[in-house]
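Please open the structure in a viewer and keep the selection tool at hand. The tour below proceeds one selection at a time and states what is found at each stop.

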Amino acid sequence: MTRRLLIRATGQSHPGQLAGLGSALARAGARLLDINQSVTFDILSLEALVGLDHDSDLEAILAEAGDALGLDVQAVQVGAEDYQRWSAQESRPRLILTLLAPHLPAGILAEVGALTAEHGLTVELIHRLSGREPLDGSVAGEGDDRHPMGACVECWLRGDDIDLPALREKALALGAMHGVDIAIQEDSIWRRHRRLVCFDMDSTLIQTEVIDELARRHGVGDEVAAVTERAMRGELDFQQSFRERMSKLKGLDEAVLADIAENLPLMDGVERLMGHLKRLGYRTAILSGGFTYFADYLQQRLGFDEVHANELVIENGKVTGEVREPILDAERKAYLLREIAKREGLTLEQTIAVGDGANDLKMLATAGLGIAFRAKPLVREQASHSISTLGLDAVLYLIGYRQSDLEE
């Protein structure tokens, strides 16, 4: 009858220890069923599940090997019921919970542990995706390359009958209390194989709403703001409010557009994000309810593969107050994401969408990974994932990249 044992080995890490333990297990005639090893501050922790099909003094062989290798080695018998339960876990759904913030308070671990336990989830693995914190203990600020992407920890969870919407709702509230973004996504083969990333532009790629800046420079800022307020109250739909706001810009000199384009304030982390996405082979697109005049500028500056936005009508160097059809609204953003994915031979699970406004919600819901970035509360609540505490390059964490891997 097969015996199954869990081998635990801990101690100061040295080269050759894995070879020594492997040789001991081979002498005992053990079969390797599973293994995990980690080294933190030169302290080794190894766990191996092994099977024995015949009598063997495995414990004595391992104790002798442990003495020779400077390791504390223990063997724990695993019963058939425990083994069956462990094997069954492989078929249970896995969730990926990601914690993101400029720095992570230790108390968040207790809160997350309580939340996952409440939902019957087992924490299988916790590991850090962010880089090392500086030795002086400081937290890097904007433009500081010592710890540029903030702090991020990823947790792998498993459970049955998961109420994912309820779990996300509680995680959002918990994160707001601690100033931490908590993202929860279902694990799948596609999570590390996303290939298309679509971005909103205003207040996502850039730190401004261009139409508001155009209105301010044309002296009609208050009038445009009043139209926006009516739209927010539900008195106008997007296309109605967009056309009315555009009409206020009639007569604006094209030179003003050029000046604004040359001085667009980029969102934190966007250059780092785009550099990595291009290097890693992602296709990138701007899907904006703003204007091609400015999206084209960003395309040239940051290297987007394609741009879809509203085209201003300019005649004799002046804005006419009209745009060419079709107007790029929420429905068209979602449509374009689907069409680009289809054209590129991708599934929707391989797509990512990032935006900040209600006009982005349909696009975020269509994408395999939809991320509300520094969005208003209503948008954060309706989107499946959100980032509010870090720059745009934190999107890389939600895809699953380690900062150390990106910097190699």
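**Stop 1: a charged surface patch**

Select Arg128, Arg132, Arg192 and Arg402, which gather in a patch of positive charge on the surface. Patches consist of residues with over 30% relative accessible area and no salt bridge, where like charges are joined within 9 Å and nonpolar side chains (Val, Leu, Ile, Met, Phe, Trp, Tyr) within 5 Å. Lys and Arg count as positive and Asp and Glu as negative, with His and the chain ends not counted. The place of a charge is taken as NZ of Lys, CZ of Arg, CG of Asp or CD of Glu.

The model is predicted: local features need pLDDT of at least 70, side-chain atom pairs count only at pLDDT 80 or more, and totals for chains, interfaces and linings use all residues. Residues are numbered from 1 along each chain as its sequence is written, and side-chain values use heavy atoms, with hydrogens and water left out.

Within the patch, centre the view on Arg128, which belongs to strand S6 (residues 122-128). Helices (H or I, at least four residues) and strands (E, at least two) are DSSP runs, numbered from the N terminus. Arg128 is partly exposed, at a relative accessible area of 32%. Here buried means under 20% relative accessible area, exposed over 50%, and partly exposed in between (1.4 Å probe, protein chains only).

**Stop 2: His119**

Move next to His119, in the loop between helix H4 (107-118) and S6. Is His119 buried or exposed? With a relative accessible area of 17%, His119 is buried. Residues up to four places away in sequence aside, His119 touches Asp163, Ala166, Leu167 and Lys170; a contact means heavy atoms within 4.5 Å.

**Stop 3: a nonpolar surface patch**

Select Leu18, Leu32 and Ile35 to display a nonpolar surface patch of about 280 Å². Accessible areas come from the Shrake-Rupley method with a 1.4 Å probe, and for residues only the protein chains shown count as cover. Leu32 is located in strand S2 (residues 31-40) and is exposed, its relative accessible area being 54%.

**Stop 4: Gly355**

Gly355 is found in strand S14 (residues 351-355). Its relative accessible area of 0% makes Gly355 buried. Which residues surround Gly355, leaving aside its neighbours within four places in sequence? The contacts of Gly355 are Asp200, Thr204, Asp360, Leu364, Ile371, Ala372 and Phe373. A distance monitor between the C-alpha atoms of Gly355 and Phe373 should read 5.7 Å, although the two residues are 18 apart along the chain.

**Stop 5: salt bridges**

A search of the whole structure finds 27 salt bridges, each defined as a side-chain nitrogen of Lys or Arg within 4 Å of a carboxyl oxygen of Asp or Glu.

- Select Arg217 and Glu213, whose side chains form a salt bridge at 3.8 Å, N to O. Both residues lie in helix H6 (residues 210-217), 4 residues apart, about one turn of the helix. Arg217 is partly exposed at 35% relative accessibility.
- Select Glu306 and Arg283, which form a salt bridge at 2.9 Å, N to O. Glu306 is in strand S11 (residues 306-310) and Arg283 in strand S10 (residues 283-291), so the pair ties together parts that are 23 residues apart in sequence. Glu306 counts as buried, at 8% relative accessibility, whereas Arg283 counts as partly exposed, at 24%.
- Select Glu331 and Lys362, joined by a salt bridge at 2.5 Å, N to O. Glu331 lies in helix H12 (residues 330-343) and Lys362 in helix H13 (residues 361-366), so this pair ties together parts that are 31 residues apart in sequence. Glu331 is partly exposed, with a relative accessible area of 42%.
- Select Arg94, Glu124, Glu154, Arg158, Asp187 and Arg191, which are joined into one network by salt bridges that share partners.

**Stop 6: the whole protein**

Finally, zoom out to the full model, which has 16 helices and 16 strands. Its C-alpha atoms fill a box of roughly 90 × 45 × 40 Å, taken along the principal axes. Of the 408 residues, 46% are buried. The accessible surface comes to about 19,900 Å², and 49% of this belongs to carbon and sulfur atoms. Colouring by charge brings up 43 positive and 65 negative side chains, with the centres of the two sets 3 Å apart. Among contacts between residues at least 6 apart in sequence, 71% join residues at least 24 apart.
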